[in-house]
Amino acid sequence: MATGKITKRTLDALQAGGVTGFLWDDELKGFGLKISAGGSASYVVQYRMGGREAKTRRYTIGGHGSPWTPFTAREEATRLLRLIDQGIDPVESDKQRRREAVDLAFSNYADRFAASCKGKGWSTLVTRSLHLHVKPVLRDKALPAITRVDVVAVFDRMPREQAANRRNVFAVLRRLFRWAVSRGDIDRSPMEGMETPKAVKARERWLSDSELARVWMQAPECHRCFGPIVRLLIVTGQRREEISGLHWQELDRGEREMRLSGDRTKNGEPTTIPLNDLAVAELDKVAGGEKWPSRGRVFPTSTGAAFTAHAKGKTKLDKLITKDGGSPMLPWRLHDLRRTLATGFQRLGVRFEVTEAVLNHVGGSRSGVAGIYQRHDWKPEKREALAMWNDHLISAIAAVQK
C-alpha cells in the first residue's frame with residue numbers, strides 16, 4: 001500500500017506517470033487518494049466502526065476538481081474522521097441525508113401517504129387537504145425535522161372562518177404523522193399534545209316541500225348535467241360526488257337499481273339504491289330513451305371528464321329561484337338535499353334503520369356490534385321508502401304548480 005503526503009504536486013506526478021491505485025496520506029491516517037486507469041482522481045476516507053475486528057469501510061469524499069483539492073479534501077477528511085471517533089458513520093449519515101432529501105421530504109412523503117389511504121371520500125379529503133393547505137407550508141422539509149411550530153404554521157395560514165376545514169386538515173395531518181411513526185420514519189408525532197379543533201355545529205337546514213318543489217322545477221334550466229344531477233340528489237338522497245360521477249354500468253333499468261362499489265362511496269362501503277319512478281324518468285331523459293347505454297359516464301363534460309362545476313350551477317339555480325315568483329329562500333347547499341330526504345323519511349314514518357341504509361350511513365343502527373351481526377340489507381324496505389318519497393315529491397311539486 002503506497003503512502004506519502006497527498007499534495008497537488010504528488011497528484012500531478014502520479015497522473016503524469018500513469019500510476020493507478022491508492023495513495024494513503026502518511027500524516028492523516030485514513031485519508032487516501034484513488035487514481036483510476038483513466039487518470040481521474042478522487043479522495044476517500046477509510047475507517048472501521050467498532051474496533052479492529054470490524055469490517056473496513058470506505059467513504060468517497062469526491063472527485064478531484066472544484067470544490068475538492070488536496071487541501072479541501074484533507075479538511076473534509078479531518079472532519080469525517082472526527083465524526084467517526086464520535087461513533088458517527090459517514091456512510092450511514094450520508095444515506096440518511098439523501099433519504100431525508102428525497103424519501104422523507106414532506107411533499108413526497110405526503111403523496112405516498114395519500115396513495116395508501118383507502119375509501120374514495122377519505123382519499124379525496126387527504127389529497128385535497130395536503131395539496132391546498134399543507135404542502136404550500138411544509139414543502140420539502142424533511143419529516144424528522146418538522147416541529148410543532150411548523151404544524152401550527154399550517155393552521156395559522158388557514159382562514160379562521162374555515163372551522164370545518166381546519167378540523168379536517170388536523171385529522172389528515174394527525175393520521176399522516178401516526179402512519180410515519182408506525183413505519184419507523186419518525187420517533188414521535190410533532191402533533192402530540194396539540195388540542196383538536198372544536199367540532200363544528202352540525203347544519204340543521206332542510207328544505208320544505210315547497211322549497212324542494214321550486215328547486216326541482218328550476219333545475220332543468222341550468223347546465224345539461226347539473227339539472228339532472230340535482231333532481232337525482234333529491235330523489236335518491238345520495239352524495240353529490242356519487243351522483244356526479246355515475247357511470248351507466250352502475251345503473252340497471254330492468255332491476256331499477258343504482259349499485260355503487262366501495263371505492264365510489266365516501267365511507268368505502270358498497271351500496272345499492274332502488275330507483276323510484278322519478279329517478280328512472282330523469283335517467284330516461286339523460287339517455288334519450290328507455291334504453292340506457294351499457295357504459296360510459298352519465299354526466300360527461302365536453303372533454304369526457306366528470307362534471308365538477310357544482311358551484312357555478314348552484315349560483316345559476318339560486319338566481320332562477322329568485323325569479324320564480326315565490327318567497328325568498330333561506331341559503332341552502334346541495335348537501336342539504338340529503339338531509340331533506342332523511343327528514344322527509346322521518347315525516348313519512350320510515351324506520352331509522354331504513355333511512356340509514358338508503359343514505360349508506362355507517363353509524364347509529366349500523367355501527368358497533370349491530371353493524372357486525374345484523375347483515376340485513378333492507379332492500380325491500382328501501383324500495384318501499386323511496387316509492388313513498390316519490391309520491392310525496394309528486395304531490396309537493398303539483399301543489400306548487402297550481
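Which helix holds the place of Arg157? Select Arg157 in your viewer and you will land in helix H6, which covers residues 148-157. Before going further, keep in mind that this is a predicted model.

**Stop 1: around Arg157**

With Arg157 still selected, add Val134. The two are 23 residues apart in sequence, and their C-alpha atoms are 9.4 Å apart in space. Now show the contacts of Arg157, leaving aside neighbours within four places in sequence: you will find Leu132, His133, Pro136 and Val137.

**Stop 2: confidence along the chain**

Next, colour the chain by pLDDT. The mean is 90, and 95% of the residues reach 70 or more. Then select residues 365-373, where pLDDT stays under 50. For this stretch the model has nine contacts beyond four places in sequence. Where pLDDT is low, the predicted coordinates should not be read in detail.

**Stop 3: the largest pocket**

Now bring up the largest pocket, with a volume of about 2300 Å³. To find its centre, select Arg239, Arg240, Glu241, Lys266 and His335, which lie nearest to it among the 47 lining residues. Colour the lining by residue class and you will have 14 nonpolar, 15 polar and 18 charged residues.

Which helices each supply at least two residues of this lining? Select H5 (120-138), H7 (163-182), H10 (240-244), H12 (310-322) and H13 (336-348) to see them. H5 gives the most, with six residues.

**Stop 4: H13 against H16**

Keep H13 on screen and add helix H16, residues 379-401. Two packed helices are described by the angle between their axes and the distance between the axes. Here the angle is about 95 degrees and the axes are 10 Å apart, so H13 and H16 are roughly perpendicular to each other.

To look at the contact itself, show side chains on both helices. From H13, pick Thr340, Leu341, Gly344, Phe345, Arg347 and Leu348; from H16, pick Ala385, Leu386, Met388, Trp389 and His392. The residues of this contact divide into seven nonpolar, three polar and one charged.

**Stop 5: H14 against H16**

Leave H16 displayed and swap H13 for helix H14, residues 352-359. How do H14 and H16 pack? Their angle is about 90 degrees, with the axes 9 Å apart, which makes H14 roughly perpendicular to H16.

Val354, Ala357 and Val358 are the H14 residues to select, and they meet Glu381, Lys382, Ala385 and Leu386 in H16. This contact has five nonpolar residues, no polar ones and two charged. Ala385 and Leu386 are worth labelling: they appear in the contact with H13 and also in the contact with H14.

**Stop 6: two backbone details**

Finish with the backbone. Select Ser66 and Pro67, which are joined by a cis peptide bond with omega of about 5 degrees. Pro67 lies in the loop between strand S5 (56-63) and helix H2 (70-85).

Then jump to Arg256, in the loop between strand S6 (251-252) and strand S7 (257-260). What is the phi of Arg256? The angle is positive, about 55 degrees, although this residue is not a glycine.

Methods
Residues are numbered from 1 along each chain as its sequence is written. This is a predicted model: local features need pLDDT of at least 70, side-chain atom pairs count only at pLDDT 80 or more; totals for chains, interfaces and linings use all residues. Side-chain values use heavy atoms; hydrogens and water are left out. On a 1 Å grid over the protein atoms alone, a cavity is a set of points where a 1.4 Å probe fits but cannot get out, and a pocket is an open set with protein on both sides within 12 Å along at least five of seven lines; lining residues have an atom within 4 Å of a point. Grid points are joined across faces, edges and corners, and a volume is the space filled by probe spheres set on the points. Helices (H or I, at least four residues) and strands (E, at least two) are DSSP runs, numbered from the N terminus. Ala, Val, Leu, Ile, Met, Phe, Trp, Tyr, Cys and Pro count as nonpolar, Asp, Glu, Lys and Arg as charged, and the others, Gly among them, as polar. Axes are lines fitted to C-alpha atoms, for helices over the stretch in contact, and angles run from 0 to 180 degrees between N-to-C directions. Angles under 35 degrees count as roughly parallel, over 145 as roughly antiparallel, 65 to 115 as roughly perpendicular and the rest as oblique. Contact means heavy atoms within 4.5 Å. pLDDT is the predictor's confidence in each residue, from 0 to 100.
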